[in-house]
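Subject: Handover of a structure and notes on its fold

Dear colleague,

Please find the structure below, handed over for your own work. My notes on what was found in it follow directly after.

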Amino acid sequence: MPDPRVQLTVDGVTHDVEVDPRTTLLDLLRERLDVTAPKKGCDHGQCGSCTVLLDGRRHLTCLALAVSYDGAEVVTAAGLDEGDELHPVQQAFLEHDGYQCGYCTPGQVCSAVGVLRELADGHPSHVTADLQQETEASDDELRERMSGNLCRCGAYVGILAAVRQAAGAQR
Ligand code: FES
Ligand code: FES
């Protein structure tokens, strides 16, 4: 029996490929489609470096089977800019030195974009004290929501500053 076909739009480019049903979305992107912005860190859902925006929400691609996402839209950290203009989160990471080696950065950037959308949509987190009030982009909220993205270089101070700036710019 032939492998199933999957159609995916990745950073605005549509791909139609046959995939072994055991293939993760991360491996499809990196190994078959040459989309290398999402990084393979742990390959076990523990580091966040493979994060992309999948139909608008942040998602770990190492835990996703590609065959489940036929018709999905994937946006990676490389697809967030508008031509010559960086996305506010990308710009903020540059301004605040939100990276050192940069390996975790694409996942951090996608996660931050997802966090800002979750805040704008009023999604609570583990540290949201009052579910009746509008959720603030406090440092505690940002730390908690970004806590699934690990950085071996320890660039957390710059990352928090960058997400804080982007949250302010979005208001
Ligand atoms: S590579 Fe996916 S969470 Fe680490
Ligand atoms: S900047 Fe090196 S792992 Fe985060």
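Which residue in S4 does Thr-51 stand opposite? The partner of Thr-51 is Leu-60 in S4. Please bear in mind throughout that this is a predicted model.

**Overall composition**

The protein contains 5 helices and 5 strands. Read from the N terminus, its elements follow the order β-β-α-β-β-β-α-α-α-α. The C-alpha trace extends over about 55 × 35 × 30 Å along the principal axes. For 171 residues, a compact globule would be expected to have a radius of gyration near 16 Å, and the value for the protein, 16 Å, agrees with this. Of these 171 residues, 43% are buried. Taking the contacts between residues at least 6 apart in sequence, 54% connect residues at least 24 apart.

**The sheet**

The 5 strands make up an open sheet of mixed pairing, in the order S2-S1-S5-S3-S4. The edges are occupied by strand S2 (13–18) and strand S4 (57–60); each has a single partner strand, so one side of each has no neighbour in the sheet. On average, neighbouring strands of this sheet are turned by 35 degrees against each other, direction ignored.

The pairings may be described one by one. Strand S1 (residues 5–10) and strand S5 (residues 73–75) are parallel and are joined by 2 bridges. In that region, Thr-9 stands opposite Glu-73 in S5. S5 also pairs with S3, here in the antiparallel sense and over 2 bridges, with Leu-54 facing Val-74 in S5. S3 and S4 are likewise antiparallel, with 4 bridges between them. The hairpin of S3 and S4 has 2 residues between the strands, and in this hairpin Asp-55 adopts a positive phi near 50 degrees.

What covers S3 on its two faces, and which residues show it? Thr-51 and Leu-53 on one side, and Val-52 and Leu-54 on the other, are all buried, so both faces of the strand are covered.

**Helix H3**

Helix H3 (residues 105–120) lies across strand S3 (51–54), S4 and S5, and runs at about 40 degrees to S3. The helix is mostly covered, with 14 of its 16 residues buried. At 1.5 Å a residue, those 16 residues should span 22 Å, and the end C-alpha atoms are indeed 22 Å apart, so expectation and model agree. After H3 comes Gly-122, which has a positive phi, near 80 degrees.

**Two buried positions**

Asn-149 is located in the loop between helix H4 (139–145) and helix H5 (156–170). Its relative accessibility is 5%; because buried means under 20%, Asn-149 counts as buried. A polar atom of the Asn-149 side chain lies 3.1 Å from the backbone oxygen of Gly-48. Neighbours within four places in sequence set aside, the residues in contact with Asn-149 are Cys-47, Gly-48, Thr-51, Arg-58, Gly-107, Gln-108, Ser-111 and Tyr-156. Thr-51 in this list is the residue that stands opposite Leu-60 in S4.

Val-163 belongs to helix H5. At 1% relative accessibility, Val-163 also counts as buried. Again without neighbours within four places in sequence, Val-163 is in contact with Phe-93, Ala-112, Leu-116, Leu-142 and Met-146. The C-alpha atoms of Val-163 and Gln-108 are 9.5 Å apart, although 55 residues separate the two along the chain. Gln-108 is itself among the contacts of Asn-149.

With kind regards

Conventions: Residues numbered from 1 in each chain as written. Chains lettered and ligands numbered in written order. Predicted model: local features only at pLDDT ≥ 70, side-chain atom pairs only at ≥ 80, totals over all residues. Heavy atoms only, no water. Buried < 20%, exposed > 50% of the residue type's maximum accessible area, 1.4 Å probe, protein only. Polar contact = N/O pair within 3.5 Å; in protein donor to acceptor, adjacent residues only side chain to side chain. Contact = heavy atoms within 4.5 Å. Pairing = 2+ DSSP bridges. Axes fitted to C-alpha atoms, helices over the stretch in contact; angles between N-to-C directions. Expected span 1.5 Å × (residues − 1). Rg over C-alpha atoms; globule rule 2.2 N^0.38 Å.
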